[in-house]
Amino acid sequence: MPETCSTCPYCGVGCGVLLRPDGAGGLAVRGDPDHPANFGKLCSKGTALADTVGLGGRLLAPQIAGRTTDWDDALQLVADRLSDTIAQHGPDSVAFYVSGQLLTEDYYVANKLMKGFIGSANIDTNSRLCMASTVAGHRRAFGTDTVPGTYEDLDEADLVVLVGSNLAWCHPVLYRRLLDARSRRGTKIVVIDPRRTASCDQADLHLALKPGSDVALFNHLLTRVEDKGALDRAFLQNVVGFDEAMLAAGLDDVAMTGLQPADIEAFCDLWVSTKRVVTVFSQGVNQSSSGSDKVNAILNCHLATGRVGKPGAGPLSVTGQPNAMGGREVGGLANMLACHLDIENAEHSAAVQGFWNAPTMPGAQGLKAVDMFDAVADGQIKALWIIHTNPAVSMPNARKVREAIVNCPFTVVSDITAQTDTARLADVLLPATAWAEKDGTVTNSDRMISRQRAVLDAPGQARPDWDILAEVGRRMGWSAAFDYQSPVEIFREHAALSGVAGRLGRDFDISSLRDLTSQEYTALKPTRWPISATRQGGRFFGDGAFFHADGKARMLPLTCKSPAAKTGPRYPYRLNTGRIRDQWHTMTRTALSPRLSAHLAEPFVEIHPTDARSIGITAADLVRLKSPQGSAILRAVLSDAVTPGQIFAPIHWTGETAPSGRIDDLVAPITDPVSGQPESKASVVSAERFDAAWYGFAVSSGPLLPECSYWARSRTQHGWRAELAGLNEVDDWHHEARRLFGLPDAEVLIFEDKARGDVRLAFMQDDRLLAALFVARRPVAVMRDYLATLPGDGAPDVLTGRTPADRPDPGPTLCACFGVGVNTILTAIETGQLTTVEAVGQSLNAGTNCGSCRPEIAALLARTMHREAAE
Ligand SMILES: Nc1nc2c(c(=O)[nH]1)N[C@H]1C(S)=C(S)[C@@H](COP(=O)(O)OP(=O)(O)OC[C@H]3O[C@@H](n4cnc5c(=O)[nH]c(N)nc54)[C@H](O)[C@@H]3O)O[C@H]1N2
Ligand SMILES: Nc1nc2c(c(=O)[nH]1)N[C@H]1C(S)=C(S)[C@@H](COP(=O)(O)OP(=O)(O)OC[C@H]3O[C@@H](n4cnc5c(=O)[nH]c(N)nc54)[C@H](O)[C@@H]3O)O[C@H]1N2
Ligand code: SF4
Ligand SMILES: [Mo]
C-alpha cells in the first residue's frame with residue numbers, strides 16, 4: 001500500500017509521519033522528509049508509534065454503567081441527561097473537560113456546543129494545566145495569544161535559552177534541530193532549570209535557580225539590558241509600560257535565584273550581547289503560581305530589545321500537546337471565545353453568535369479546570385463530559401478529583417482506552433477512534449497546521465470525537481447547527497469564522513482556507529497561519545504592530561514571588577514533577593510499546609544523596625512521600641541532578657501501572673491568579689523510607705495481578721515485568737505467586753532460604769518459562785533486564801537471577817530503537833576505547849535512528865575515563 005502523510009499524535013513539535021498500513025491492522029511509520037517541522041526525523045516515541053496501534057486494551061463499544069450497549073442508547077442518554085440537567089439547574093450546571101490532543105475539528109464542535117448552544121462557558125481543557133500561563137502572558141503583552149516566531153528561528157539564532165524546558169526529552173526533534181544548528185553556527189545554549197536535565201549535557205551554561213525564581217532573574221536581565229545600552233529605543237515606540245516595568249525590575253532582588261553572581265552576569269552578558277537570541281520556555285515557566293508573570297518577564301526582555309518576530313530572535317513557547325495551539329485557536333479555554341476572540345467583549349460575542357446562528361452566548365468566563373472540578377465536588381456541576389484526557393491522574397489533588405467524579409450525578413468519558421483511572425469512574429463510556437483512524441487537523445508550536453489522516457479502519461463501534469459531539473448536539477435539538485457529515489465541513493466553518501475574527505482585528509485568520517474542497521482538504525500540505533487575503537505565514541511583530549487597541553505592546557511591572565506552598569518542618573522538601581523521555585503522560589499509549597517501557601520501567605524519585613542520607617535511604621530503597629493532599633510510594637534514585645531540599649518525580653504512573661506512584665495525588669491545587677494554571681512543579685512534601693517487610697521482582701509471559709502496598713508493572717518484548725513490595729509478611733509464597741500470575745496448575749521450581757528471607761519461584765510449561773518471582777527482605781538484586789527476556793524461553797538457570805557466565809547483562813535499555821542497554825554501551829566504550837557518540841553508534845547502532853538517547857550516551861562517555869571528547 002502507498003504511504004500516507006500524517007502527523008505524530010504526541011508532542012507539539014508536530015512532526016510529519018509517513019504511514020504505510022500492512023493490511024492486517026498494523027502500520028509502518030517513518031518520518032516525513034518533506035515536513036517542515038522535522039524533515040524526516042522522529043524521536044523514540046514517534047518511531048515506536050506502530051507498537052501502539054494494536055487493539056489490546058481498546059474501548060470498542062459504548063458502555064452504560066459498565067454494560068456494553070449501542071450508540072443509540074448511549075447517545076440518547078447523554079443528550080437527555082444534559083438537556084434535563086440544563087432544564088432543571090441551568091446551563092452552568094453542565095461542564096466539558098477536554099484536551100489539547102483533540103483535533104481542531106473535534107475541539108471546534110465541543111466549543112460551539114457548549115458556548116453557543118448550551119450557552120455556558122464551562123468548557124475547559126487540560127491545556128489549563130499546560131499552556132494557560134503562556135496564553136495569559138501573550139495576551140497581556142501582545143493583545144492576542146500569538147507565537148511571534150517560527151522553528152526557523154532556532155536554525156538562525158546565536159543563543160538559545162531554555163527556561164523550564166527539558167527540550168532534549170520533551171521536544172526531542174526540535175532539540176536535535178538546535179544541536180544541528182549549533183554544530184553549523186556554534187549556537188550557544190543556556191539552560192535555566194532548578195534541576196540538571198538531559199538538556200544540560202550540551203549547554204554552555206546551566207543556571208540551577210531556586211524553584212519559582214525566574215521573574216527575579218529576568219527582571220535583573222532587564223536592568224542589565226538598560227545598563228549595557230542594549231535597549232531598542234526605536235522599537236520601544238511601539239511599547240507601553242516601559243518605565244513602570246523598569247522601575248519594578250530595579251526593585252526586585254536577583255539574590256532570590258540563589259545563583260552565583262558570576263553565573264548571573266555571564267548569562268546577562270551573553271543575552272545582552274547576542275542579538276539573535278531565542279528564549280524557549282515551557283512548563284517550568286507555565287506551571288507556577290506566578291506563571292503568567294514569568295512569561296511576561298521573558299517577554300519584557302524581548303520587547304525592550306526589539307528582539308521579537310525577527311529572524312533568529314524572539315520568545316518561543318513550545319507547546320506540549322499535538323494540538324495545544326489548535327485548541328487555543330478554536331477557543332477551547334473557559335476564558336476564550338473562538339478564533340482568539342474575547343468572551344467578555346460584546347462585539348466579539350455578537351459576531352460569533354451571529355455566525356453560529358446561536359440561540360444564546362455566555363456572558364462571562366466559565367470555570368477553569370481546578371475550579372471546575374471543585375464545582376463538581378461541591379455539587380454545582382451535575383453533568384460532566386470528559387473527552388480525551390485523564391484528569392483522575394493528571395489534575396492536581398487527583399485523589400479529590402477522583403472523588404468528585406465518583407460523586408458527580410452524571411459523568412461521560414470519551415476515550416480510546418477501556419481501562420483508565422478516569423474511565424473506570426464514568427457512568428457512560430464512549431469509544432472514540434484513535435489517531436491513525438481519524439481525519440482532521442492539528443496546529444503545532446510554530447503555527448503550522450498539518451493534517452492527520454486516517455489509514456486504519458475504525459475498530460468495533462469506535463467513532464470520531466467530532467461525530468459523537470455533533471450527534472449529541474443534534475439529539476439535544478440543534479440539528480442544523482451540528483449537521484456535519486465530515487471533518488472538512490467543520491474545518492471550512494472554522495476557517496470562515498476566523499475571517500470574522502480577522503475583520504475584528506484578531507491575529508488568527510485562516511480565511512483563505514474557508515472554501516477548501518474535500519479534495520483540497522485531503523491534499524492540504526502543512527500551512528502556517530495566518531493565511532488570509534492580507535497575510536500569509538511568516539513572523540509576527542517584527543514590524544512593531546501589536547493587537548492591543550492602540551496597536552502597541554505592553555511591558556508589565558513585575559515582582560518575583562516564591563512558590564505559594566512553603567516548606568517547613570512538616571513538609572521539608574519541594575516536589576518538582578515532569579516528564580521522562582519515552583512515556584507520554586498517563587501512558588495509555590506509550591506503555592503498550594515494550595521498547596518505550598524499557599527505558600525507565602518504574603516510578604521513581606530523584607533525591608540528593610545528602611537528603612537521602614539524612615532520612616536513611618540508600619539507592620533502590622522505596623520512599624514514601626506525603627503532602628497535605630496525599631501520599632505516594634516511589635523508588636529512590638540518588639542523584640546530584642537535584643539540589644538538596646528538592647526532589648523530582650515523573651508524572652506518568654497510574655492505577656493501571658503503579659497505583660501508589662500517582663504523583664498528582666501529592667500536588668496542591670494552587671493556581672496562578674491570572675491564568676488559573678496549577679503550580680504543578682512546586683508542592684511541598686515529606687519523605688521517609690518505606691519500610692517494606694519484603695521486596696519482589698516478577699517476570700511473566702501473561703498479565704500480572706499484584707495486590708500489595710507497592711507495585712509497578714510494565715510491558716516487555718516477552719510479556720510483563722513488575723516490581724513489588726509489601727508491608728505484611730506473606731506466609732505462603734507458592735500460593736501467592738500462583739495468584740499473582742494466574743497460574744493455578746503450572747509446574748513450579750522453588751528455591752527458598754528461610755533464614756535470609758529469600759524465595760524464588762519459577763513456573764514452567766513444556767520446559768518453557770511462564771513466570772518467575774524473586775522475593776527478598778531487601779530490594780531484590782537480580783539482573784532485571786536479562787530476566788525480562790526469559791519468559792517463553794527454556795531458561796534453565798532462571799532461579800539464579802543472573803545471566804549465565806558467557807552472557808553479559810545488557811542493563812537497562814538506553815537506546816529504545818535498537819534495544820541497546822547501558823551495560824552494553826559501557827562495555828563497548830571501555831573495550832573499544834570509544835570517545836564519541838558517533839563511535840558508539842558505529843559500534844552498536846545505538847543513537848543512530850531517532851537520536852533521543854544521544855544526550856545520555858554522551859553522558860555515559862563523559863562519565864567514563866575518556867572524558868575529552870563526548871559528542
Ligand atoms: N517524553 C515526553 N515528551 C513530552 C510529553 C510527555 O509526556 N513525554 N508531554 C508533552 C507536553 S503535554 C508538555 S506540556 C511538554 C512539557 O515539556 P517540558 O516543560 O520541557 O517538560 P517538564 O518535564 O514538564 O518540565 C520542564 C522542566 O521544568 C523544570 N522546572 C521546574 N520548576 C522550575 C522553575 O521554577 N523554573 C524553571 N526555569 N524550571 C523549572 C523542571 O525541572 C523540568 O526539567 O512536553 C511534551 N513532550
Ligand atoms: N504534577 C504534574 N501534573 C501534570 C503535569 C506536570 O508536569 N506535573 N503536566 C500537565 C500537562 S502539561 C498535561 S498536557 C496533562 C496531560 O494529562 P492527560 O491529558 O490527562 O494525559 P493523557 O495520558 O494524554 O490523556 C489522554 C487520554 O485520552 C485518551 N485518548 C487517546 N486518543 C484519543 C482519541 O482520539 N479520542 C479520545 N476521546 N480519547 C483519546 C487516552 O487513552 C488517555 O486516556 O497533565 C498535566 N498534569
Ligand atoms: S518530537 Fe517525537 S513525540 Fe514530538 S512530534 Fe516529533 S516524533 Fe512525535
Ligand atoms: Mo502539556
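1. Before getting to the ligands: a residue counts as near a molecule if one of its heavy atoms lies within 4 Å of it. Keep in mind too that this is a predicted model. With that cut-off, ligand 1 has 35 residues around it, and D193, G212, S282, R579 and Q583 are the closest.

2. How is ligand 1 held in polar terms? The side chain of D193 puts a polar atom 2.6 Å from one of the ligand's oxygen atoms. K45 also uses a polar side-chain atom, 3.1 Å from a nitrogen atom of ligand 1, while G164 comes in with a backbone N or O atom, 3.3 Å from a nitrogen atom of the ligand. Taken alone, ligand 1 has 920 Å² of accessible area, and the protein covers 99% of that.

3. As for where ligand 1 sits, look in the second largest cavity. Helix 6 (167–170), helix 12 (283–286) and strand 21 (573–578) each give at least two residues to its shell. By class, that shell is made up of 16 polar, eleven nonpolar and eight charged residues.

4. Ligand 2 is in the largest cavity. It has 31 residues around it, with N126, S394, D415, T586 and D664 coming nearest. The shell breaks down into 17 polar, seven nonpolar and seven charged residues.

5. D415 turns up again in the polar contacts of ligand 2: an N or O atom in its side chain is 2.6 Å from an oxygen atom of the ligand. The side chain of H388 has an N or O atom 3.1 Å from a ligand 2 oxygen, and T433 contributes a polar backbone atom, 3.1 Å from an oxygen atom of ligand 2. Here the protein covers 99% of the 920 Å² of accessible area that ligand 2 has on its own.

6. Now ligand 3. Its surroundings include four cysteines, C8, C11, C15 and C43, along with Y10, V13, G14, L42, K45, G46, P172 and V173. Helix 1 (44–47) and helix 7 (172–185) are the elements giving two or more residues to this shell. Nine of the shell residues are nonpolar, two are polar and one is charged. K45 is worth a second look, since this residue is around ligand 3 and also has the polar side-chain atom 3.1 Å from a nitrogen of ligand 1.

7. Last, the overall fold. I'd note 28 helices and 34 strands in the protein. The C-alpha trace spans about 80 × 65 × 60 Å along its principal axes. The radius of gyration is 27 Å, which agrees with the value near 29 Å for a compact globule of 871 residues.

How values were computed: Residues are numbered from 1 along each chain as its sequence is written. Chains are lettered from A and ligands numbered from 1 in the order in which they are written. This is a predicted model: local features need pLDDT of at least 70, side-chain atom pairs count only at pLDDT 80 or more; totals for chains, interfaces and linings use all residues. Side-chain values use heavy atoms; hydrogens and water are left out. A polar contact is a pair of N or O atoms within 3.5 Å; within protein, one must be able to donate a hydrogen and the other to accept it, and residues adjacent in sequence count only if both atoms are side-chain atoms. Accessible areas come from the Shrake-Rupley method with a 1.4 Å probe; for residues, only the protein chains shown count as cover. On a 1 Å grid over the protein atoms alone, a cavity is a set of points where a 1.4 Å probe fits but cannot get out, and a pocket is an open set with protein on both sides within 12 Å along at least five of seven lines; lining residues have an atom within 4 Å of a point. A molecule sits in a cavity or pocket if more than half of its atoms lie within 2 Å of its grid points. Ala, Val, Leu, Ile, Met, Phe, Trp, Tyr, Cys and Pro count as nonpolar, Asp, Glu, Lys and Arg as charged, and the others, Gly among them, as polar. Helices (H or I, at least four residues) and strands (E, at least two) are DSSP runs, numbered from the N terminus. The radius of gyration is taken over C-alpha atoms; the globule rule is 2.2 Å times the number of residues to the power 0.38.
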